[in-house]
Amino acid sequence: MRLPTVEDIEKRIPRPEDFESRARGTELTARVGTALGIAFGICFLTGMWSHVQYTQPGWLPIGPQPTQLYRLTQGTHVLSGIAAIPLLLVKLWSVFPRLFIRPPTSSARELVIEVLERASIGALVGSSVFMLASGLLNIAQWYPWEFSFRRTHEAVAWVAIGSLIVHIAVKLPVIQRAYTASIEHPEAHLDPDAISRRTVLRGALAAAGLAVVLTAGQTVPFLRRFSVFAVRDGQGPQGLPINRTAKAAGAAEAAQDPAFVLEVVVGDRTVTLDRDQLLALPQRTHRLPIACVEGWSRSATWTGPALRDLLALAGGEPGSDVTIRSLQTRGAFGVSRLPAAYVEDYRTLLALELNGETLSLDHGYPCRIIAPNRPGVFQTKWVQRLEVKA
Amino acid sequence: MSEPASSSTSSTTALRGLLIAVGVGFGLWGLWLMRDFTSEQLISTGTWLAGGIVLHDAILAPVTVGLGLAASRLLPGHFRAATSLAFLLWATLTVVFVPVLSGQGGKPDNDTILGRPYLLSWLVLTGVLAGSAVIAARRRRRVRHAAPAEPPPA
């Protein structure tokens, strides 16, 4: 008995022509790929828009208007990513036989080109699956990894969009030819029982649409009853979901301490107010959304003093950024910086009430920040200190 | 896979070169953003990047090809197209719903997340797609029996 040789093994590996389905083909791949490329483009741009909310570069006019902007961009980000999953799976199915193309042996130059193209496809597939899988798990607050989600999701996004641009450039002539030809296989009539390419294309688009409708209710109110697979159903105490509880943030004890006072610090001047004194200030009521980076959002009615009125008590002038400190002892975003453009807006509140009731502990009792057009992670709960550098 | 030079004009060649340069630049920028990752973070990121390719190319795709082969051999002809479409919808949607079906994620002290009966919804989805495939297949057989055989294309 002899050991199998390389040739023996090679013979057992399928070849592209061994795959039977006539539904596969570049005419289908190009069309599904176009839809997928559009979804990726939207997902990339809205994702980068979310990332700049964290750094707030001075050259970008990010502010409290339009009120619903972040809700719209982040909801779109998550939904375009969800729509991309069925499209990516069908796209990969349509080109799977190409994985088994044997490397060219005729010239070293062709071999180098083949290796480079395979490397770019590997980067594209690996980063695409990474982006969609990590995003999908993150919105369910499932983190089976050791990396920082936000930073890695941002870095790999550049790899994904970069390798997508390379892929489009390499395939441009193939795409052009695929669109000039009829979508169906010229021999499709030989097997009339098989699924047609047109049906696969429509099925892929339908799957993407269904995936969106079945999850979009977490941010689109009228779809709430249809979105049976949404991570959030829009419900929660006082009519609003919670991202992180007071217990999880290590804020429960300090937040319920009857001796709680809010510190308002402007330069070297400090004013302290307990909750009754905050309630005695002029109150404003506004309807503003919580728009979470995880893609869910819901509007609510908030009541409390305007932040700029509070700062004025300590002699604060409009036009300065405010550092907000939370009572929380665990987790990220215990300190956030609110740019001056938000502070100036009278709708930016230190909320004491939510939907007509005293703010519940998990919504940020005794007081929390609510500002228009801000990612939810910066709507700091259990606020302990507001600080303006002189 | 190089294309014959005659198929592309010099302006599309220039456009393709520019796109490749931009794409490579974006990719390198992504790698640069990871420059201060710890080795633990880099290993985890690399595992997930490679794991996605392996999961698809070594498991999901071969299983799909195998099911397709089995279906084309075992199912009556009028069932094939309807079953293929139902499987496309069922399989891709199931992948989208893996996190909510997994029982993982969320936090025990927060009942405002993952609060819906996802398994029940998935069973209904599976039943509706399977039922639709059977109805569509039966209709296809009826239509074929009613219509005279098509002449072969000229």
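How many residue pairs are in polar contact across the interface of chain A and chain B? In this predicted model, the rule finds 23 such pairs, with both residues of each pair at pLDDT 80 or more. On the side of chain A that touches chain B, at least two residues each are supplied by helix 3 (69-95), helix 4 (108-139), helix 5 (149-180) and helix 6 (197-213) of chain A. Helix 5 of chain A gives the largest share of that side, with 18 residues.

The contact as a whole draws on 87 residues of chain A and 68 residues of chain B. Between the two chains an area of about 6,400 Å² is buried, and carbon and sulfur atoms account for 69% of that area. The interface also carries charged pairs, for the rule finds five salt bridges across it.

One residue of chain B that takes part in the contact is F26(B). This residue is placed in helix 1 (residues 10-32) of chain B. When neighbours within four places in sequence are set aside, F26(B) is in contact with W158(A), V159(A), I161(A), G162(A) and I165(A). F26(B) nevertheless counts as partly exposed, because its relative accessibility is 28%, and the buried class requires a value under 20%. Within chain B, the C-alpha atom of F26(B) is separated by 23 Å from that of G51(B), a residue 25 places away along the chain.

Salt bridges can be followed beyond the interface. Side chains of opposite charge can pair when their charged atoms come close. Over all chains, a search of the whole structure finds 20 salt bridges. The pair D193(A) and R144(B) joins two chains, because D193(A) lies in the loop between helix 5 and helix 6 of chain A, whereas R144(B) lies in helix 5 (residues 118-146) of chain B. The side chains of D193(A) and R144(B) meet at an N to O distance of 2.8 Å. The two partners fall into separate classes of accessibility: D193(A) is buried, at 15% relative accessibility, and R144(B) is partly exposed, at 40%.

A further salt bridge lies within chain A, between E294(A) and R232(A), whose closest N and O atoms are 3.6 Å apart. E294(A) is in the loop between strand 3 (284-291) and strand 4 (297-304), and R232(A) is in the loop between helix 6 and helix 7 (252-255), so this pair ties together parts of chain A that are 62 residues apart in sequence. E294(A) and R232(A) are both buried.

Chain A also contains a linked set of charged residues. E263(A), R325(A), R385(A), E387(A) and K389(A) are connected in a network of salt bridges. Within this network, K389(A) pairs with E387(A), and 3.5 Å separates their closest N and O atoms. K389(A) is exposed, with 57% relative accessible area, while E387(A) counts as buried because its value is 15%.

The backbone of chain A has several noteworthy points. Most residues other than glycine have a negative phi, and most peptide bonds are trans. The peptide bond from Q65(A) to P66(A) is cis, with omega near -10°, and P66(A) is placed in the loop between helix 2 (26-55) and helix 3 of chain A. That loop also holds Q56(A), which is not a glycine but has a positive phi of about 45°. Another cis peptide bond joins Y365(A) and P366(A), with omega about 10°; P366(A) belongs to the loop between strand 9 (357-358) and strand 10 of chain A. Q238(A) likewise has a positive phi, near 60°, and is found in the loop between helix 6 and helix 7 of chain A. Q238(A) is buried, with a relative accessible area of 15%.

The residues around P66(A) can also be approached from N373(A), in the loop between strand 10 (368-370) and strand 11 (383-388) of chain A. Apart from its neighbours within four places in sequence, N373(A) is in contact with G63(A), P64(A), Q65(A), P66(A), T67(A), L69(A), Y70(A) and Y342(A). A polar atom of the N373(A) side chain lies 2.8 Å from the backbone oxygen of G63(A). N373(A) is buried, at a relative accessible area of 5%.

On chain B, finally, L55(B), I59(B), L60(B), V63(B) and L67(B) form a nonpolar surface patch, with about 420 Å² of accessible area together. L55(B) is found in helix 2 (residues 39-74) of chain B and is partly exposed, at 43% relative accessibility.

Key. Residues numbered from 1 in each chain as written. Chains lettered and ligands numbered in written order. Predicted model: local features only at pLDDT ≥ 70, side-chain atom pairs only at ≥ 80, totals over all residues. Heavy atoms only, no water. Patch = residues over 30% accessible without salt bridge, like charges linked within 9 Å, V, L, I, M, F, W, Y side chains within 5 Å. Areas by Shrake-Rupley, 256 points an atom, 1.4 Å probe, with all protein chains shown as cover. Salt bridge = Lys/Arg side-chain N within 4 Å of Asp/Glu carboxyl O. Helix = DSSP H or I, 4+ residues; strand = E, 2+ residues; numbered from the N terminus. Buried < 20%, exposed > 50% of the residue type's maximum accessible area, 1.4 Å probe, protein only. Contact = heavy atoms within 4.5 Å. Buried area = accessible area lost by both parts, 1.4 Å probe. Polar contact = N/O pair within 3.5 Å; in protein donor to acceptor, adjacent residues only side chain to side chain.
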